[in-house]
Amino acid sequence: MFLLGKVHAFWKNIKPGFMGFDCRNIPEKSQTSTLRQKTAIAIGAALTSLIGIVYVATATILLEGYAKLEEQNTHQNVERVLEAYTNSLNELNLTNYYWAAWDDTYNFVQRPSQDYIKRNFYEGFFFEAGINAILFINATGQIVHSQGYDLQQQRQGPISKGLTKYIRENSWVLRHKAPNVSHGGVILLPEGAMMFTARPVVTSQVKAPIRGTLILGRYLNTNTIQKLAKTTRLAIRLHRLDGRVKLPRRLRVISDSLSPATPIFIQPQSEDLISGYTLLKDLSGNPAMLVQVDMPREIHRQGQISLLYLIIALAMVGLVLGVTTQLLAEKLIQIWQEQEESKARYKAVVVQAREGIFLLDADTKKFLEINAAFENLLGYSVAEILQLTLYDVVSEESETIDRDIEDILTGARYLTSERRYRRHNGDIIDVEVSANLIRYAGRNAFCIVVRDITDRKRAEAALRESEKRLAWQASHDDLTGLVNRREFERRLELALSDARTDGTQHSLCYLDLDQFKIINDTCGHGAGDEMLRQVSALLRMHIRSTDVLARLGGDEFGLLLNHCPLENASRVANALRQSLSDFRFVWQDKSFTVGVSIGLVAIDVDSKDLASTLSAADAACFAAKNKGRNRVHVYQVDDSELAQQRGEMQLASQITKALEENRFCLYYQPIVPVANTDSNGEHYEVLLRLYDESGKLVPPNLFIPAAERYNLMHLVDRWVIDTLFSTQKEHYRQAWERCQRQGDRCLYAINLSGSSINDDQFIEFVRDRFALYQIPPQVICFEITETVAITNLSKAVQFIQELKQLGCYFSLDDFGSGMSSFTYLKNLPVDYLKIDGQFVKDIVDDPTDLAMTEAINRVGQVMGIQTIAEFVENDAILDKLRMLGVNYAQGYGIAKPRPFSG
């Protein structure tokens, strides 16, 4: 378009008889030659500029991209070297941990013996562990035993003087804040740089008192550097920064430029080599060594090759484009010459008329003359319109145009109709056309008058579309485009009537998406809406055109399979379930699996009314969810699972009524210390019981699942807090004052459901109740199950942190029952860890349960979280827990739950 614009600019200056400039006296050959010369110059200049701009821009972007990629690659390689160094140091520190937290080492530091040395420092020990030095230092700072080893020559020797001097001058490495705190890093000795780790000597249970310090050292010599280089497959060099070895000025400048804000420095050395630099700090946090990582500049070399290919490609494109454009220009010049030879000239015909008027050649259908109104109507210039025919303007089939012209020529000689014309910009307009046949310059011509009726047509179309849209919206879902509930029920009524009168068999599917709430909560309603649209499209692909798919509301869909017996419908339902299981919904950088629970009901001569049929399908869908979701459940009249579901529905109604009639009752069960049985504190868990209308006690394992399933647990949680606070406020205030005076702890645990955690108003409710009843938040511990916590981890963490700011404590209940317990534990700021009773109750007889309990307790102790064992039913279990170091116990062996007095 740019080149054609240039050519057109030249034409404007030399066209005879246009724009007031007449060059008819210029010889034709001279005029054409000049035009060709100017065109060739314009094309050459335009192509050269275009290719130059493309080359400069592309080369700049290309080289900058390769440079950035090379820098990122170098940065990553330096980080790999640091990671390899850190792994080596961690491996040394782990070796130290195994030795320092060992009862034999603990006794040896206090009472040195040759037997310990002979038994543990066997031949090859230092070489296998990769250790150059080991020192056992007692609590007074005296070296109990030390030994050095040359890993290259594989022989023992004394500890280097530089190391002993370093320890003497930096005695702080022998001091430890806690039994599980160590010192590790690099130190610079006269003999060379050394990876250094110092750990407190403690018992195998990692408990005080600390008997001394165990120090391990490994030189960062050629051997160690080669191992790091082999691990990372990179060339590595280390430079000391303590002045013992003079650094080149270039390396000193690089070292000074490194800082916490710029931890890695990258510098090309040549066209073939690039280096990355970073610092290793000593134990005191001061720069100790400059790490240099050298790499070949493969990415830079690839960028140069790509640039060469770009130059070749642009040259070829320029050549082809130049030849093609020149040929096109020649053709355009030829067309212009033919146009100039035409006798058609513009003459103003009824210029002032508001309607568009034009004359049309009856034989060629070409425009002969037009007025200004028609020119404005179509948006063409006079020169452009005179090159067109009626077929180019009328946006209808040529047969229609020929038929109109034939009618005028053979009969009426006058025609009035409505047609659609195409404007220069492609827009289509509606016009009212009046045409008649006249004589013009000795030949037949049509005089045609057109009136723009686009606005009138649009108004009529808008009215029709509005009526159509209203009719569609009344029967369809706006989001998915599927049939809505009202229209679906209408068609279901027809299917039921058809089955009763003709005995036809149909099937009804009730579909409920399994992961919709997670996507809505994680990514927002925009993602949920998009998922519903994609799922709707996927379902439509797997059903017949005669079937009816509807969105019934939220994430629920209905599917009416017309003329489809139950057996075939079961296959269709399972195919739909499988297709959704295979589907992955992607939103931004997240990917989600989508499951569906489907309830299937047969529609036959025995089917009842609409409400009963829908209710049966809904119940079958609910049964599919209860059986684990992502499955199909076929409704049967004698279905025991559906009977159980109806029982839960009845329980749900009882729960609502029990809340209104205050038929819930609070119990408590003590939680006692395992080791310190003389504590005067008070610690118990608040439990909930329900009495039915006849006064019979309903077990929690019946009414709590019903409350959770029917979204009533947040109301139950609020009832528990309100009732507990109002009845125990005086006791809790007095207990808090007593415990503060005596140094004991009074703590009362309240269970919370996932519904309350996801309730944005719940925290404000808790704050309000603390203020209303004047209860110290420090005596309340909220319990949430591990499953609830990890279902919405970020929400749970925020919930816990906000209530802990008030002073409350938190306990993680049923720990160990989840699939990734330890993975999530470090992200949850809880104070107590309740070990799942399924592990605790059999620890006396089951080694696996004992190991699981021990592992959970050990992790809790390391993280500073106190542990509580559930299901402690006898003294044997309690003795095992005491041996493991569990902090608290709860169960029937300690005390049975009992109601609050009064």
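**Cavities and their linings**

Student: Which element gives the most to the lining of the second largest cavity?
Tutor: Helix H2 gives the most, with three residues. The model is predicted, with local features needing pLDDT of at least 70 and side-chain atom pairs pLDDT 80 or more, while totals for chains, interfaces and linings use all residues. Numbering runs from 1 along each chain, and side-chain values use heavy atoms, without hydrogens or water.

Student: Which elements supply at least two residues there?
Tutor: Helix H2 (28-100) and strand E7 (235-240) each do so. Helices (H or I, at least four residues) and strands (E, at least two) are DSSP runs numbered from the N terminus.

Student: And which residues line that second cavity?
Tutor: Its lining consists of Val81, Leu82, Tyr85, Leu228, Ile236, Leu238, Leu280 and Val291. Lining residues have an atom within 4 Å of a cavity point, on a 1 Å grid where a 1.4 Å probe fits but cannot get out. By class, eight are nonpolar, with no polar and no charged residues; Tyr counts as nonpolar, and Asp, Glu, Lys and Arg as charged.

Student: What about volumes?
Tutor: The second largest cavity holds about 50 Å³, and the largest has about 180 Å³. A volume is the space filled by probe spheres set on the grid points.

Student: Which residues are closest to the centre of the largest cavity?
Tutor: Of its 15 lining residues, the closest are Leu390, Asp404, Leu415, Val433 and Ile448. Helix H13 (398-410) and strands E13 (414-422), E14 (428-440) and E15 (443-452) give two or more residues to this lining.

Student: How does that lining divide by class?
Tutor: It has 12 nonpolar, one polar and two charged residues.

Key. On a 1 Å grid over the protein atoms alone, a cavity is a set of points where a 1.4 Å probe fits but cannot get out, and a pocket is an open set with protein on both sides within 12 Å along at least five of seven lines; lining residues have an atom within 4 Å of a point.
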